[in-house]
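Hello,

Here is the structure I promised to pass on to you. Have a look at it first, and then read on for a short tour of what turned up.

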Amino acid sequence: MIKNAVKKIIDMEWFARMMEVLDHRSDNRMTELGMLSQAFEFIKINEVCGDYLEFGLWRGKTFGYAHRMKHRYRRQDMKLWGFDSFQGLPDTGAHPDNIWYKGQFACSRPEFESILKSRGIRSCEYELVEGFYRESLNDATRRRLAGRKAAIVYIDCDLYDSTVEVLDFIQPYLVNGSIVCFDDFYNYKADPEQGEQKALSDFLRKESGICFIPYMAYAPLGKSFICRRT
Ligand SMILES: C[S@@+](CC[C@H](N)C(=O)[O-])C[C@H]1O[C@@H](n2cnc3c(N)ncnc32)[C@H](O)[C@@H]1O
C-alpha cells in the first residue's frame, strides 16, 4: 500500500515535470539541473576532486540530478552524501517573514531510499547522515568523512539556523574550486538579513581564511559560489 502511494506521488512529480517541458515553462531557465550540470563541468575542467554533499534532501529531486551528473561525468570516485532529518524542517521559530513550518518537507528515510531505488540509484553510491544538523553534524559524522573533500556542496535547507550549522560543518572539506550552491539564496525577496544569504555573510565575516567568489544565479532563488582558501 505504501509502495503504491510512493509510486503515485513519483508519477505525479513526473507528470508535473512533463507538463513543464510541454508548455515550455523552463525554456531559457537556468534550473537546478542546469546548475549541477555547470558545477560538474567546472570541477571537470578545473580537476577539482572530492565528493558531492547535499544538505536538505526532501524527496531527492536535486540528489537525483547530482547522481545523473556523476554518471554523465564518469566520477566513479565521487561519493554522494545526503544530510537530512527525514522529519522535515526543525522548529522554524518566530520570524517576521516566516514562510516555513515545523515538519514541512517530511519524507522518511525508508521512503527516500525507496524513491532513489526506483530511480536506479544504488545504495552503494551514496551515504546518508540522518538527524537534525544540530545533533547529526558531530564528531562521529566527521569520522565518517575523514580524509574526504567536497567538490560540490548543495545547500537546500531553507532556514538561517540550519544553514549556519551546515556552513560551520563543511568548512574543513572545502578546497580551492569547491562549488557551493545555495538553493534559496534570494528568498525573502533577497533580504540580506534573512535565510541562507545572511548565514553566508555571517560565516564569511568570522572565517578569515576563506572566500566565496560569486559564480552563477539559477532557478528562481538560487546562487552558487566558488570557494577559495586564502
Ligand atoms: C526544501 S527541502 C529540500 C528539497 C530537495 N533538495 C529537493 O530537491 O526537492 C528542505 C529539506 O531540508 C531539511 N532540513 C532543513 N533544516 C534541517 C536541519 N536543521 N536538520 C536536518 N534537516 C533539515 C528538511 O528535512 C527538508 O528535507
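Let me begin with a single residue: Lys189 counts as exposed, because its relative accessibility is 86% and the cut-off for that class is over 50%. Please keep in mind that this is a predicted model. Lys189 sits in helix α8, and its phi is positive, about 55 degrees, although the residue is not a glycine.

Phe105 makes a good companion to it. This residue, also not a glycine, has a positive phi near 65 degrees, and it belongs to the loop between β2 and α4 (109-118). Phe105 has 26% relative accessibility, so it counts as partly exposed.

Now for the sheet. Seven strands make up an open sheet with mixed pairing, and their order is β3-β2-β1-β4-β5-β7-β6. At the edges are β3 (126-130) and β6, each of which pairs on one side only. From one strand to the next, the twist averages 20 degrees.

If you follow that order from β4, you come to a parallel pair: β4 and β5 are joined by five bridges. Ile155 stands opposite Phe182 of β5 there. Strand β5 (residues 174-182) also pairs with β7, this time antiparallel and over four bridges. Phe182 turns up again in that pairing, opposite Lys223 of β7.

On its other side, β7 runs antiparallel to strand β6 (residues 210-218), with seven bridges between them. Tyr218 is found opposite Gly222 of β7. The hairpin of β6 and β7 has three residues between the strands, and one residue to look for in this hairpin is Ala219, with a positive phi near 50 degrees.

How enclosed is strand β7? Of its eight residues (222-229), six are buried, so the strand is largely enclosed by the rest of the structure.

Next come the helices. α7 lies across β1 (51-55), β2 (80-84), β4 and β5, and runs at about 175 degrees to β4. α7 also meets α9: their axes come within 8 Å and cross at roughly 35 degrees, and the crossing is right-handed. From α7, the contact uses Tyr160, Thr163, Val164, Leu167 and Asp168, while α9 brings Gly195, Glu196, Lys198, Ala199, Leu200, Asp202, Phe203 and Lys206. Sorted by type, the residues of this contact are six nonpolar, two polar and five charged.

Helix α9 (residues 195-206) also passes a simple length check. Its twelve residues, at 1.5 Å each, should span 16 Å, and the end C-alpha atoms are 17 Å apart, which agrees. The buried residues of α9 include Gly195, Gln197, Leu200 and Phe203. Among the elements that cover its buried residues are β4 (150-155), α7 (160-170), α8 (187-190) and β7.

A second helix pair is worth finding on your screen. Helix α2 (residues 32-45) and helix α3 (residues 61-72) have axes that come within 10 Å and cross at roughly 35 degrees. This crossing is right-handed. Glu32, Leu33, Leu36, Ser37 and Phe40 form the α2 side of the contact, and Lys61, Thr62, Tyr65, Ala66, Arg68, Met69 and Lys70 form the α3 side. Six of the contact residues are nonpolar, two polar and four charged.

Happy exploring, and best wishes!

Definitions and conventions:
Residues numbered from 1 in each chain as written. Predicted model: local features only at pLDDT ≥ 70, side-chain atom pairs only at ≥ 80, totals over all residues. Heavy atoms only, no water. Buried < 20%, exposed > 50% of the residue type's maximum accessible area, 1.4 Å probe, protein only. Helix = DSSP H or I, 4+ residues; strand = E, 2+ residues; numbered from the N terminus. Pairing = 2+ DSSP bridges. Expected span 1.5 Å × (residues − 1). Contact = heavy atoms within 4.5 Å. Axes fitted to C-alpha atoms, helices over the stretch in contact; angles between N-to-C directions. Left-handed = near helix turned anticlockwise from the far one by under 90°. Nonpolar A, V, L, I, M, F, W, Y, C, P; charged D, E, K, R; others polar.
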